[in-house]
Amino acid sequence: MSGRGAPGPRCGLLLALLLALGALPRARGVEEQSGGASQGFQVVSFKWHHVKDPYIIALWILVASLAKIGFHLSHKVTSVVPESALLIVLGLVLGGIVWAADHIASFTLTPTVFFFYLLPPIVLDAGYFMPNRLFFGNLGTILLYAVVGTVWNAATTGLSLYGVFLSGLMGDLKVGLLDFLLFGSLIAAVDPVAVLAVFEEVHVNEVLFIIVFGESLLNDAVTVVLYNVFESFVTLGGDKVTGVDCVKGIVSFFVVSLGGTLVGVVFAFLLSLVTRFTKHVRIIEPGFVFVISYLSYLTSEMLSLSAILAITFCGICCQKYVKANISEQSATTVRYTMKMLASGAETIIFMFLGISAVNPRIWKWNTAFVLLTLVFISVYRAIGVVLQTWVLNRYRMVQLEIIDQVVMSYGGLRGAVAFALVVLLDEQKVKERNLFVSTTIIVVFFTVVFQGLTIKPLVQWLKVKRSQHREPKLNEKLHGRAFDHILSAIEDISGQIGHNYLRDKWSNFDRKFLSKILMRRSAQKSRDRILNVFHELNLKDAISYVAEGERRGSLAFIRSPSTDNMVNVDFSTPRPSTVEASVSYLLRENVSAVCLDMQSLEQRRRSIRDTEDMATHHTLQQYLYKPRQEYKHLYSRHELTPNEDEKQDKEIFHRTMRKRLESFKSAKLGINQNKKAAKLYKRERAQKRRNSSIPNGKLPMESPVHNFTIKEKDLELSDPEEAPDYGAEMGGGIEFLANVTQDTTATDSPSGEGQAGWPSSGPRSEHDHWSLDGDFWAHVGCEWQAGFSAPEKGAGTCPACHV
Amino acid sequence: MLISSDQIEQLHRRFKQLSGDQPTIRKENFNNVPDLELNPIRSKIVRAFFDNRNLRKGSSGLADEINFEDFLTIMSYFRPIDTTMDEEQVQLCRKEKLRFLFHMYDSDSDGRITLEEYRNVVEELLSGNPHIEKESARSIADGAMMEAASVCVGQMEPDQVYEGITFDDFLKIWQGIDIETKMHVRFLNMETIALCH
């Protein structure tokens, strides 16, 4: 029902918008008239002309986006009909309105706009998020389909149409063989935009997807070459084509494709290099990605090489290094912006395809031509796919079955690239341009709408292996890595040169040279795929750990007297969801900013929710976070808070891991040894840094965090019942805890804290307080909690605050 | 479990190359393979060649030397799956491959991969990357073990002890992943695909 109601007002809005647009040119005229009679100073004036162009552009973008909202209001419709089809239909409707209002086709998809502004974001998005391993693993297959397949399609379609023309079925047309070949070359290419749009919603398995998609990207080189070659041939005239020209054509294919790739790779290198040095300009990091990639596109276009290949390979090659070098926030920004641009461009393309169709001036209908084109492209594609697959299956590990072949042939969609290319044709040179344009429009509509609509049921009916969206499990990654090594080893032992060998060689080369040049030093360290998964798991673990603990009614994994003392609130009372929500929400939102303003919270202690919050806060503080002072930044365009989640995540993980590992046999056995080992380790470190003048081992640690971790180890492995050690070893970071426990629980704070001599409360300066943490002195009151050597308590100066 | 005769010949030549024209190979002979040096889990792989369980000669222990037939036995674990095989045979092949992997991880042949063994494997695996510290490697191993436990056993009580990953658990972990298509080596360029009769 909601679906029904929604289109109504939406349509109304759009209609109003367009009528206004139609009326505006007339308004312009009105303005000029009144401007003629001088009226002195005008308080408000209507300067349509002034803003006309950007206004219209913005308006169209708005219309397209609103349309998208409208479509997704009805889930039923979008699950059956692909969005691209809906957009085309919408475009037709809008085109009709504009036509009716103004009788001129004022808006069309011009090739310039398409090739310069709409296509690059989509292709960049494809390249940047390309699963490299899958892509290069199937590169042979993809190349075969892209090159041979496209040439086959172009040749057969063109020649067949020519043959039919010769037979007279098409009637009288002013075309020659070359025209047909030209037409064949532009209609043969599978379109990346259309493929993405449709396959996105179908979810076939990744191998199939990458083959079709890769083919659609890489066939650009072939398309460009064929198109240019045949266009120049047509210009020359059919009889002046020589053998040399043909050879030149073939050579130009190699030049165009390899040159385009090279341009892309060079720019990828530049981009990676640049992002290596952007540490202090984090805000504009995302900009580099877009600008440099776009430059690769334009440069390649300038050199008449394949621009799509350039930007694709730019994205493919730079992704690893860029993702490693830029900060998390920049990576997210890049991701979202790219998706937004690509999605927006796609929407606009399809809508304008619809609009551009409503232009009676370009329509020329020839039944035979149109029908035969449709038939030929489908049939020849199917034949081509079958033949090539038969050849490929002799060399492939993973065979391509009949079902895959059906999907591949059916999924060969034509789209806006073909349309843009056909519109570029010069009427003077190609007499039947309008016929070609109309036919292309029909073909594009047919493939996108009809094939797009039916491919989903087809896939389901044929039971194509669907993609399984799964969280990357750590085990899988590990074993996958083990696999690679095993297979490389077997290949080495058996003396073969195979995929694994090559991949191995490449990753060695990459690690030794490329990563050193292109990746930031800090990134080199942590940019292992396994570590990525690990990192993610840490975070998830922390969140689920706390959530789970709350759900159980008490933080069952942590049995510690201090919690029991403090927590007056019984967690097992209902509303677990709210608590979970609050904590997990906090965690997810911004891990580092959990520090709450404790003073204000205390005052409102009445409500149970606040006590819960406080209790959870205490627990969090105690077990998960080092609280940090809130930075009251003024709004700054150049500063971002530095991201220190990583260390905290590590700590969290260590902690939870230790607790949980107690349930493993070997962990239990190993614990005692570890405890000793940890103590030894600590002593060792102390020894190493010993200054000669200090009698006892109170030495500065190299970083507070490190110290914390090590103490942590000790803590975790020791029996939880050892309360005294517990509090003392927490270090100066738990001052908040201390404050509150002193205030709220009138009972004794955990004895350990008493030992450590925490300040009792409040605003008195805490800076003159030293506490003994195990072997080290910690300065309570400032963040610096690592101890340093001091023969006596209080006799030294804290390096952090110089007290 | 045959490989085609062309491939056997090629492998025989390779065998002779490795063994120095001797009828058997010892562990030291594998040092002649230069690229193997860079492989982080080299020791485990070489060991797998001599593992009695893989050679079907016993349930534990290592052989001192292997002959060509043994060599082929090990290589046959890596043959690709033939599309003409039926479901049951595919399952068998899959189990065989997984068993090979399992034996690699389970170094003390007790039928379980304990936490220590797992840690050992992961540390070796990640030792190739100079930037990952041992501590991280251990944590990763621990995390992976946790994950495996949660897959195999589900939610564990605080005082429940998990001995280690058995072969059945191992199969469970690998359920979703099609090892048949991933764990194989292309023998002899692109000539013939190995057959599993």
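At what angle do helix α1 and helix α4 of chain B pack? About 120°, with the axes 11 Å apart. Before going on: this is a predicted model. Everything I say today is computed from it.

Let me stay with that pair. Helix α1 of chain B covers residues 5-19, and helix α4 of chain B covers residues 68-76. An angle of about 120° falls outside the 65 to 115 degrees that count as roughly perpendicular. It is also not over 145, the cut-off for roughly antiparallel. So α1(B) and α4(B) are oblique to each other. Their crossing is right-handed.

Who makes the contact? From α1(B), B:I8, B:L11, B:H12, B:F15 and B:L18. From α4(B), B:F68, B:F71, B:L72 and B:M75. By class, that contact has eight nonpolar residues, one polar and no charged.

Now chain B as a whole. How many helices and strands does chain B have? Nine helices and two strands. The order along the sequence is α-β-α-α-β-α-α-α-α-α-α. Chain B has 197 residues, and 52% of them are buried. Next, contacts in chain B between residues at least 6 apart in sequence. Of these, 57% join residues at least 24 apart. The exposed area of chain B is about 9,200 Å². Carbon and sulfur atoms supply 47% of that area.

Over to chain A. Two helix pairs here.

The first pair is α9 and α19. Helix α9 of chain A runs over residues 177-188, and helix α19 of chain A over residues 433-462. They pack at about 25°, and their axes are 11 Å apart. Angles under 35 degrees count as roughly parallel. So α9(A) and α19(A) are roughly parallel to each other. The crossing of α9(A) past α19(A) is right-handed. On the α9(A) side, the contact uses A:D179, A:F183, A:L186 and A:I187. On the α19(A) side, it uses A:F436, A:T439, A:T440 and A:V443. The class count for this contact is five nonpolar, two polar and one charged.

The second pair is α13 and α15. Helix α15 of chain A spans residues 328-357. It packs against α13(A) at about 40°, with the axes 8 Å apart. That makes α13(A) and α15(A) oblique to each other. This crossing, too, is right-handed. α13(A) brings A:E285, A:P286, A:V289 and A:F290. α15(A) brings A:S330, A:T333, A:V334, A:T337, A:M338 and A:L341. The contact of α13(A) with α15(A) holds six nonpolar, three polar and one charged residues.

Just past α13(A) there is a backbone detail. Where is A:S304 found? In the loop between α13 (285-302) and α14 (307-325) of chain A. The phi of A:S304 is near 55°. That is a positive value in a residue other than glycine.

Now some single residues. Start with helix α5 of chain A, residues 83-102. A:L92 lies there. Is A:L92 buried or exposed? Neither: its relative accessible area is 32%, so A:L92 is partly exposed. Leave out residues up to four places away in sequence. Then A:L92 touches A:G354, A:I355, A:A357, A:V358 and A:F445. There is also a long-range pairing to note. A:L92 and A:F352 are 260 residues apart along the chain. Their C-alpha atoms are separated by 8.5 Å.

A:V89 lies in α5 of chain A as well. Its relative accessible area is 44%, so A:V89 is partly exposed. A:V89 and A:F445 are 356 residues apart in sequence. C-alpha to C-alpha, they are 9.4 Å apart. A:F445 was also on the contact list of A:L92.

Last residue: A:Q388. It lies in helix α16 of chain A, residues 367-393. Why does A:Q388 count as buried? Because its relative accessibility is 8%, and the cut-off for buried is under 20%. Setting aside neighbours within four places in sequence, A:Q388 is in contact with A:L144, A:Y145, A:V148 and A:G149.

To recap the helix pairs. α9(A) and α19(A) are roughly parallel. α13(A) and α15(A) are oblique. α1(B) and α4(B) are oblique. That is my tour. Over to you.

How values were computed
Residues numbered from 1 in each chain as written. Chains lettered and ligands numbered in written order. Predicted model: local features only at pLDDT ≥ 70, side-chain atom pairs only at ≥ 80, totals over all residues. Heavy atoms only, no water. Axes fitted to C-alpha atoms, helices over the stretch in contact; angles between N-to-C directions. Helix = DSSP H or I, 4+ residues; strand = E, 2+ residues; numbered from the N terminus. Left-handed = near helix turned anticlockwise from the far one by under 90°. Contact = heavy atoms within 4.5 Å. Nonpolar A, V, L, I, M, F, W, Y, C, P; charged D, E, K, R; others polar. Buried < 20%, exposed > 50% of the residue type's maximum accessible area, 1.4 Å probe, protein only. Areas by Shrake-Rupley, 256 points an atom, 1.4 Å probe, with all protein chains shown as cover.
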